[in-house]
Amino acid sequence: MNDKITVENLTHTYGTRCALDNISFTVSRGEIFCLLGPNGSGKTTLFKILSTLMKPTSGNVDILGFDLNTKSKAIRKLLGVVFQHPGLDIKLTVTENLRHHGHLYRLKGKTLKHRISELLEQFGISDRSHDTVEELSGGLRRRVEIAKAMLHSPSVLLLDEPSSGLDVGSRRQLNDSLNSLAITENILILLTTHHLDEADLSTRVGMLDSGRLVTVGTPDELKDVITGNVVLIETTNVDTLSQAIAERFEVSHTLIGNHIYIECEQGHEFVKEVAAAFPNDIRSVRVGKASLEDVFTKLTGNPFV
Amino acid sequence: MVNVLLPVSTIWWREIIRFYRQRSRLLSAIAQPLVFWILIGSGLSASFQPSGQSKETTYIEYFYPGIVVLVLLFTAIFATISVVNERREGFLQGVLIAPVARWSIVLGQALGGTTLALLQGVLLLFLAPLIGIRFGLSSLCLTIGVMVILAFGLTNLGLIIAWRMDSSQGFHAIMNLILIPIWLLSGAFFPSIGAPSWLAWVMKLNPLTYGVTAFRNSLYLDTATINGNMPTLGFSILIISLFCILTYLGATYTASTKTV
């Protein structure tokens, strides 16, 4: 057993459509690794393969020293998985859901009871333990899901879009829980998301676009790709305005839909001048330090949607 | 051994709890067959004498075993249909990635469905004395035994279909196209005596025919009024036991080949 997930040359196709194209990356214990990509980028396919639900078309995946193709049973014992779609039985109480899950992992009696109350405490849901899941809010349900995935003390926690459908407050709580799990339990956390702020809080980020892994690195490393500021101008007439800007200023630009994307050293000064020069053509302007969204756009040439 | 059976029992237990918390399901599985029985049974009793039966057997009495089998079939369907949605997005995904063999998942589900079907079938047995069917203890035990085998087989048949389906609409189509005709041609609705020979053959090849026969025979074990060219009780039980084993193996196989 080692401490890593290693994915090598992973490819998956549905018929003729390539969902994952030759992907390789490594994640270590204690890390929160985030697969960031817009809808349809291949995140869920990769997730299904890692969670042993689907066999890849080709390539190797090694989870803590076990080959996914041949040792999926051993791997299942090490995984805690939170699916995108709710995986709780809403007719059962919180405790009943956890007990059912524990039995599937051969936990029983006092050990199970103790572990359940420990997790209820840890996730702050002890007072709701006897309520049926249908009585809980979305945020609370998510917490129960994670508690359920952690019940058998897995070494790897996989989460597919864990924050989808959660409000900002619940999302922050979720991130806090994950951070403390990674630190205190030294587990490997891999999650998929299309929320950029969530990716920003991870240890490392892998960006997926149309089945390709575009880049991997810490959020800061990724942002270093862009020096200076990013200016994003929304306009009704992209072609004319971009041409006019190019003639007047010495900056290169990229067109994304009805936006003009520009990188420059003194973003604020530049914006002032542009706004003064073309007051009627600009709908809105955003200026600031590079975000992961900007990195994605720069690397793929596509907007992050 | 306990460790192997723990996942089975917990899956079984969940089916029971769910049913207990959605008691309206009881009504949906029992009400329709009961209405069929009362309306069709009473309606046809005046006009038809089922062939191959004794003079005293009215149609409503003839129809009774068929109705109990229909309740078993309906319960099996309702208990398994949730697999379709839960497998793709929901509770069952968590079960599928647990270190649990597929045969034990299927066994838990099948035992859950069987328990629910049996519960409702036994409830209907209380109606038998109302239409003049009298049975003793041995007859009762045998009847319940037959119901267990039959319910287990039908639930597994439901599971074979449910594990293959991608939508519950598909399941409904199969139910109307296959399951209901299987029931109609099992001797539940009309006896094979007097039916055109091709139809009598279809009925002879239908495993549910032996289920209805076994149920009918065990119900009348003490009064022995069964006649006509029906298969014997022993032979019928043998066939439904085989049906039971094959459908369980089939459901396990289907579940093993399916991922998401």
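Helices, of at least four residues, and strands, of at least two, are DSSP runs numbered from the N terminus. The exercises below use this definition on a predicted model.

**Exercise 1. Describe the make-up and overall form of chain B.**

Solution.
Step 1. Count the elements: chain B has 11 helices and zero strands.
Step 2. Write them in order from the N terminus: α-α-α-α-α-α-α-α-α-α-α.
Step 3. Compare the radius of gyration with the globule rule. The value for chain B is 19 Å, close to the 18 Å that the rule gives for 260 residues, so chain B is as compact as a globular protein of that length.
Step 4. Add the extent: the C-alpha trace spans about 60 × 40 × 35 Å along its principal axes.
Step 5. Consider burial and contacts. Of the 260 residues in chain B, 43% are buried. Among its contacts between residues at least 6 apart in sequence, 81% join residues at least 24 apart.

**Exercise 2. Determine the strand order of the six-stranded open sheet in chain A and identify its edge strands.**

Solution.
Step 1. Read the order across the sheet: E6-E7-E8-E3-E9-E10, with mixed pairing.
Step 2. Find the strands that pair on one side only. These edge strands are E6 and E10 (212-217) of chain A.
Step 3. Consider the twist: neighbouring strands are turned by 15 degrees against each other on average, direction ignored.
Step 4. Locate a helix on the sheet. Helix H5 (residues 138-150) of chain A packs there and touches E6 and E7, and its direction makes about 165 degrees with that of E6(A).

**Exercise 3. Explain why strand E7 (residues 156-160) of chain A is described as largely enclosed, and trace its pairings.**

Solution.
Step 1. Apply the cut-off: a residue is buried if 20 or more other C-beta atoms lie within 10 Å of its own.
Step 2. Count the buried residues. Five of the five residues of E7(A) are buried, so the strand is largely enclosed by the rest of the structure.
Step 3. Inspect the two sides. Val156(A), Leu158(A) and Asp160(A) are buried on one, while Leu157(A) and Leu159(A) are buried on the other; both faces are therefore covered.
Step 4. Examine the pairing with strand E6 (residues 79-82) of chain A. E6(A) and E7(A) are parallel and share four bridges, with Leu79(A) opposite Val156(A).
Step 5. Examine the pairing with strand E8 (residues 188-193) of chain A. E7(A) and E8(A) run parallel and are joined by five bridges, with Leu158(A) opposite Leu190(A).
Step 6. Follow the chain from E7(A) to E8(A): the path passes through helix H6 (residues 168-184) of chain A, and this β-α-β crossover is right-handed.

**Exercise 4. Trace the pairings of strand E3 (residues 32-36) and strand E9 (residues 204-209) of chain A.**

Solution.
Step 1. Begin with E3(A) and E8(A), which run parallel and are joined by five bridges. Thr192(A) in E8(A) is the bridge partner of Leu35(A).
Step 2. Turn to E3(A) and E9(A), whose pairing is parallel over four bridges. Here Leu35(A) stands opposite Gly206(A) in E9(A).
Step 3. Continue to E9(A) and E10(A), which run antiparallel with five bridges between them. Asp209(A) has Arg212(A) in E10(A) as its bridge partner.
Step 4. Examine the connection. E9(A) and E10(A) form a hairpin with two residues between them, and Ser210(A) in the turn has a positive phi of about 45 degrees.
Step 5. Assess burial: five of the six residues of E9(A) are buried, so this strand is largely enclosed by the rest of the structure.

**Exercise 5. Is Ile262(A) buried or exposed, and which residues does it contact?**

Solution.
Step 1. Place the residue: Ile262(A) lies in strand E13 (residues 259-264) of chain A.
Step 2. Apply the cut-off of 20 or more other C-beta atoms. Ile262(A) has 24 within 10 Å and is therefore buried.
Step 3. Leave aside its neighbours within four places in sequence. Ile262(A) is then in contact with Val231(A), Val251(A) and His253(A).

**Exercise 6. State how many residues each chain gives to the contact between chains A and B, and describe the side of chain A.**

Solution.
Step 1. Count the residues: 26 come from chain A and 22 from chain B.
Step 2. Identify elements of chain A that each supply at least two residues: helix H2 (72-78), E6 and helix H3 (94-104).
Step 3. Find the largest share, which is five residues from H3(A).
Step 4. Sort the residues on the side of chain A: 10 are nonpolar, seven polar and nine charged.

Key:
Residues are numbered from 1 along each chain as its sequence is written. Chains are lettered from A and ligands numbered from 1 in the order in which they are written. This is a predicted model: local features need pLDDT of at least 70, side-chain atom pairs count only at pLDDT 80 or more; totals for chains, interfaces and linings use all residues. A residue is buried if 20 or more other C-beta atoms lie within 10 Å of its own, exposed if 12 or fewer, and partly exposed in between; C-beta atoms are placed from the backbone. Two residues are in contact if their C-beta atoms, placed from the backbone, lie within 7 Å. Two strands pair if DSSP finds at least two bridges between them. A crossover is right-handed if, with the strands pointing away from the viewer, the path from the first strand over the helix to the second runs clockwise. Axes are lines fitted to C-alpha atoms, for helices over the stretch in contact, and angles run from 0 to 180 degrees between N-to-C directions. The radius of gyration is taken over C-alpha atoms; the globule rule is 2.2 Å times the number of residues to the power 0.38. Ala, Val, Leu, Ile, Met, Phe, Trp, Tyr, Cys and Pro count as nonpolar, Asp, Glu, Lys and Arg as charged, and the others, Gly among them, as polar.
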